[in-house]
Number of protein chains: 4
Amino acid sequence: MPGNSLGKALTITTFGESHGPAIGVVIDGIPAGLPLSKEDIEFELSFRRPGKLFVSGRREKDEPEILSGIYNGRTTGAPVAIIIRNTDVISSLYEEVHYKPRPGHADLPYIMKYGFENWDYRGGGRASARETATRVAAGAIAKKLLMLTNTVIAGHLISLGNVELEEKVSFEDILCSKYSPVRASKKSLEEKYEKLLMEATKEGDSYGGVVEIVVNNPPIGLGEPVFDKIKADLAKAVMSIPAVVGFEYGLGFKAARMRGSEANDEIILKDGKLGWKYNNAGGILGGLTNGEQIILRCAFKPTSSIRKPQKTIDLRTMKETEISVIGRHDPAVAIRGVAVVEAMVALVLADHAIRAGIIPQVRLDDKQASLIEENWKRYVNACRPTEGSQ
Amino acid sequence: MPGNSLGKALTITTFGESHGPAIGVVIDGIPAGLPLSKEDIEFELSFRRPGKLFVSGRREKDEPEILSGIYNGRTTGAPVAIIIRNTDVISSLYEEVHYKPRPGHADLPYIMKYGFENWDYRGGGRASARETATRVAAGAIAKKLLMLTNTVIAGHLISLGNVELEEKVSFEDILCSKYSPVRASKKSLEEKYEKLLMEATKEGDSYGGVVEIVVNNPPIGLGEPVFDKIKADLAKAVMSIPAVVGFEYGLGFKAARMRGSEANDEIILKDGKLGWKYNNAGGILGGLTNGEQIILRCAFKPTSSIRKPQKTIDLRTMKETEISVIGRHDPAVAIRGVAVVEAMVALVLADHAIRAGIIPQVRLDDKQASLIEENWKRYVNACRPTEGSQ
Amino acid sequence: MPGNSLGKALTITTFGESHGPAIGVVIDGIPAGLPLSKEDIEFELSFRRPGKLFVSGRREKDEPEILSGIYNGRTTGAPVAIIIRNTDVISSLYEEVHYKPRPGHADLPYIMKYGFENWDYRGGGRASARETATRVAAGAIAKKLLMLTNTVIAGHLISLGNVELEEKVSFEDILCSKYSPVRASKKSLEEKYEKLLMEATKEGDSYGGVVEIVVNNPPIGLGEPVFDKIKADLAKAVMSIPAVVGFEYGLGFKAARMRGSEANDEIILKDGKLGWKYNNAGGILGGLTNGEQIILRCAFKPTSSIRKPQKTIDLRTMKETEISVIGRHDPAVAIRGVAVVEAMVALVLADHAIRAGIIPQVRLDDKQASLIEENWKRYVNACRPTEGSQ
Amino acid sequence: MPGNSLGKALTITTFGESHGPAIGVVIDGIPAGLPLSKEDIEFELSFRRPGKLFVSGRREKDEPEILSGIYNGRTTGAPVAIIIRNTDVISSLYEEVHYKPRPGHADLPYIMKYGFENWDYRGGGRASARETATRVAAGAIAKKLLMLTNTVIAGHLISLGNVELEEKVSFEDILCSKYSPVRASKKSLEEKYEKLLMEATKEGDSYGGVVEIVVNNPPIGLGEPVFDKIKADLAKAVMSIPAVVGFEYGLGFKAARMRGSEANDEIILKDGKLGWKYNNAGGILGGLTNGEQIILRCAFKPTSSIRKPQKTIDLRTMKETEISVIGRHDPAVAIRGVAVVEAMVALVLADHAIRAGIIPQVRLDDKQASLIEENWKRYVNACRPTEGSQ
């Protein structure tokens, strides 16, 4: 039964396999009048693009084509479909995988569910992380819609293996981590991560990591009790990303070790407005956004495809065997994962901002469109490295 | 916009406030022919009932009334509606709360979203944990449906404040924790938890805790890529519970600190069947159940309503004030939370088992009905303390 | 699989059988701040109440109980649940039906789908027209929400058997038909209908009829291409009513016999505003409301339960037999059907008005609430017969 | 808000404008293992293709490209995306339409809803009938799935203007009408239709018509009370087609003129199986399919774009003007509409067959796949004209 759509007021439906002709997404529920170009999509895609240091050797241009929903540079209210052709595909790398399901990978469960003969093993098929490019493409639109309230979403990698961020960082630091090849929000951390990754690559191994997202200037009152609480919808969206195995917001698991008198957060006045003293709740109380920064974290397990030999079963002989995965794989999916988590958070917030009437359902007027363009430009230019520096 | 329904093939819609006439739930999508009685619902409700040691002083009988969908003791395929009247209501306890929003509580966000004048503050209104009784009632039906595959769901409290379960426990231990007043799966742990709670009660404070759920004998192949992965739907359902602030499965956040060669799990043969050596994935790979036990955990923050005075703002004067919450509240919501998490897991698994065609969508035949009754009886009788011992 | 919910921004979920404890409905998505009372619901229910001339002899008080979602006389944003107890139930009247499926009735298809032993035959169970009372209860809320734009929905019976309305009638005439025992919008028609019905009753037979709905002052732009066009959602909602076998709007089936130059409607200026000359489109073009009155019609087949003996099969013997249905049934379901069609139209329009941002999703402010109350009072008092006249 | 998806167990999401880069559809919920080729899609598309006699002069090859969800000629369980590039586009034909909304067309309502500046007027944009090609493409998959129960859907044009089919026709006649250029099921009727259309073309006018669909060998028990009754879902799907203004099944509007004793249908035994004597109900009772042939009809209004000058308003001057539509338009949309109605019926039936567990949700086994191929071949070859005859 269908499972490839997400959202109620802003809906995405994705499709496509790693080694099929194309991957794509249909976004429905975008109000008319949003300025939107291919460059907007490409900007966001550039932060999950493979082919850089420490990420999969696959060199996709990831060029999006917008098939519908745009007229004269603005959305029309009709669904926007975006496809990305698969161009750099080497299916032969996967011949061994066909009969030797990879430990820690979706291979065997897919076979169990859909049948061996219906399983598109090439590049992981539908279970490939390649699918997440379409999420990032759709997320670009959600991010742009959120510019109406100047809501900005930024993510960084706060731990990799046993190395973690220990310094305090500003929102600016986090936002600028997109120009770090390892999504570190501090230069010193970047170096530590890089050392670790070089080691892992050499040994044919991989690392897990924790991604943190901070949302600046979120709209108040997002979330629909009791099941579509914002914390629930964020959890679902983030947990649907391949390799994510844990989710928390605010104090998260730490809160479970605390007393109420510690974990509760005093209600105070800030410049005459009601607010919270420490934002222990990570911007979410009663399942609703309360106006404080939204802060959430998720755990990525290590990339499951590794060169290091692992034990598995050969499905032809049903005998024990070993597999050394020789495809092109990131030593830590969490790095490129940051862009994907950002996109999922953007999609959930934009969906709920429409559900709450904060973003209009039908159309943006010219003033709103201009405000969005202005905020978007500032966002796009933030932290931009000077020419040649990257 | 609507947010009070969950599920696609088995749908629940809940309603009701803490101090309104009644709370209730409509369950749609139950196949015809399921033997179902009021006692089945009451059995599950008994494990989240208030009025026991260490839980809220509110003494609700929690008597469910089935309004529809049953004929001659079996479901008809029509929706089953269940209501529970609110009987032990003392709204006067909440007068202070009306103008002094509680730190860590939904009060202020609800006012921000719906307007002060539309906010039913009595007992927390719709944001009250009382709402979760309807989830447990619906969960009873889901649990019973899962008896078709002899799938049993059991939960326990693996940590309270800084005290945690350190011993290894069996599935039987976990299942039997339902008869522990603090949902401990070991007697020694029970004593430690009780000591902590007595201390907290005395000091007018509360504790957080971590709930773990283990699912024995889960169906294979549950989950619909890419957004309705079973891990995503479980996360949403569990995170929608009041006070839950974190979710993980399998290795969870620990995986983020590991290498792929550690976190991956060898594929092996068990009695000639394909399986995994350590179940590091907690029964879920590629977003699909793989046949191993499902293992997940969630973090409950401490009860936010505490007697200990806390700072807040008086909304009439917009001046700083203090509040000491005098309603009847549990010193640790995580305890009664175990039954609620079990229910949410049951609802998600039953929904997906129908989506995957493992539980029939339209009707159960007599043989299936008998099998369910038999397994249900065994489940109901498991661990039952001998008369007078509880 | 679930089928008892309707709507996306304003959702109803209904439950209950004819001879079960109660029927009911949960309405989710109502903005906070709507003034709502039991009397509002009762007002609408009074127009489909059985026990009057020419309708089923069953004498239900149809007293609704609101279980949730109201605080201080206004909605809170939480779901509103309404139940109506079944009190005047005589199941013994249905013993014969148990084994002799009624021609033209849902009996046999329900048995085929859900199994004989799971079929609640008493009073038609879930397939009973009694279920429609919950639609009318929910419709009252939708109608009240639509008072924000002063949108008024009125229905009448434009034909019964071969007798049809031939005169021109005003919107006022149609609105006032609710006080006609046979939903006729003209006195002369009322007499003809009554004569026909007396005849049918005497002969143990029944009649079909056509219901027309006119919506005055509809919001512009309702409908979401391409599948949730307003014409499509209206068709679904109306066709879901028991005994409805046809739907059309505007020129309807007549348009199929016309030329484009006849059926098309000139675009003109009315008081400086763009409009259409003849409203051939019945207020709907391109699947969107265009601001003209919405005009639609639906065909009710004759009541299938009739006293006149009809041939059927005895399921015990699988032999031919006859059945004379002795329950209490209307000689023309179309009469009470008018209130039900009105309700379904109201629910669809309110759902879409929220989807289009015309009715706010989260809450109504005081000014909006007052406007609604004022328009609602005028609506409730319209056509009211002076005491003793009915 | 989103409105471009339909179905629950088999979901389609469509996108694309008449003069944009492409139109397309994503179909989610197809079980794995269905043999599927581009040719299957093309076969169905060929029956709504423009460029023939009496249909729009636009000469699209309508070549579908399958982007996903297929591996080795069979579906994988992942969504199938199909796009059709727009190649024969002459936007200049629409310059006049930009400021002169066409009577009877979606132009003005789209402007009212989305704003003039966001309205893609070229070729009707999203409101163009071109969109229906994607429905037919998706319908091909639904039709193929229904081959599992050998369910065959056939449609024909039973009236055009005032000319109607008067003879009795067989299911074979109806099925073979796909090779008639005017979808007539009898040669004599074909000639009358052609005469009428030539006349209309000469005069720059158009005609409406009625399409009838007959479904042979439908599964029993399709439909989910009380809102997703099969009659309701069929009505919605069919009414969502551009230009459809009325829907009925079985006796339809005629039933409203009848007595119960006439309209009811005796339950009888046919070869020992329960059935109905006259199929007055058109295969649907109580909102469920009862195993008899499903028979439904819908009314198409005449093509609204006609050459004959009509009055409208020039939006630049807000003065009265005339428009003569010079695009390439069918003299009767009902003709190509037959293929579209068939597709919508197929999609609804396949969706419900999955919901009822009659078509498996997850995967077809080899035996089922073979049976489907065999039945599909017979269907494709039925009525095929010998070479050169068309």
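The following paragraphs describe the chain contacts, the nonpolar core and one annotated residue of a predicted model.

Residues are numbered from 1 along each chain as its sequence is written, and chains are lettered from A and ligands numbered from 1 in the order in which they are written. Local features need pLDDT of at least 70 and side-chain atom pairs count only at pLDDT 80 or more, whereas totals for chains, interfaces and linings use all residues.

Chain A can be superposed on chain B with an RMSD of 0.0 Å by a turn of 180° and a shift of 0.0 Å along the axis, the fit being by least squares on the C-alpha atoms of residues with pLDDT of at least 70 in both copies. This is the relation of a two-fold axis. The contact between these chains takes 86 residues from chain A and 85 residues from chain B, two residues being in contact if their C-beta atoms, placed from the backbone, lie within 7 Å. On the chain A side, helix H6 (residues 230–239) gives the most, with six residues; helices are DSSP runs (H or I) of at least four residues and strands (E) of at least two, numbered from the N terminus. By class, this side of chain A has 41 nonpolar, 26 polar and 19 charged residues. Ala, Val, Leu, Ile, Met, Phe, Trp, Tyr, Cys and Pro count as nonpolar, Asp, Glu, Lys and Arg as charged, and the others, Gly among them, as polar.

Strand E11 (residues 244–249) of chain A pairs with strand E11 (residues 244–249) of chain B in the antiparallel sense over three bridges; pairing requires at least two DSSP bridges between the strands. The bridge partner of A:Phe247 in E11(B) is B:Phe247. Of the interface residues of chain A, 99% are also interface residues in chain B, so the copies meet through the same surface.

The largest nonpolar core has 505 residues, and A:Leu347, B:Leu347, C:Leu347 and D:Leu347 have the most contacts inside it. Such a core is a set of buried Ala, Val, Leu, Ile, Met, Phe, Trp, Tyr and Cys residues joined through C-beta atoms within 7 Å. Not counting residues up to four places away in sequence, B:Leu347 touches residues including B:Leu6, B:Ile12, B:Ala138 and B:Ala237.

A:Arg48 is covered by the UniProt annotation "binding site" from an unreviewed entry. A:Arg48 lies in the loop between helix H1 (38–45) and strand E4 (64–66) of chain A. With 24 C-beta neighbours inside 10 Å, A:Arg48 counts as buried (20 or more other C-beta atoms within 10 Å; exposed if 12 or fewer, partly exposed in between). Beyond four places in sequence, the contacts of A:Arg48 include A:Thr132, A:Val136 and A:Arg336.

Technical notes:
UniProt positions renumbered as here; feature names shortened; annotations may be inferred.
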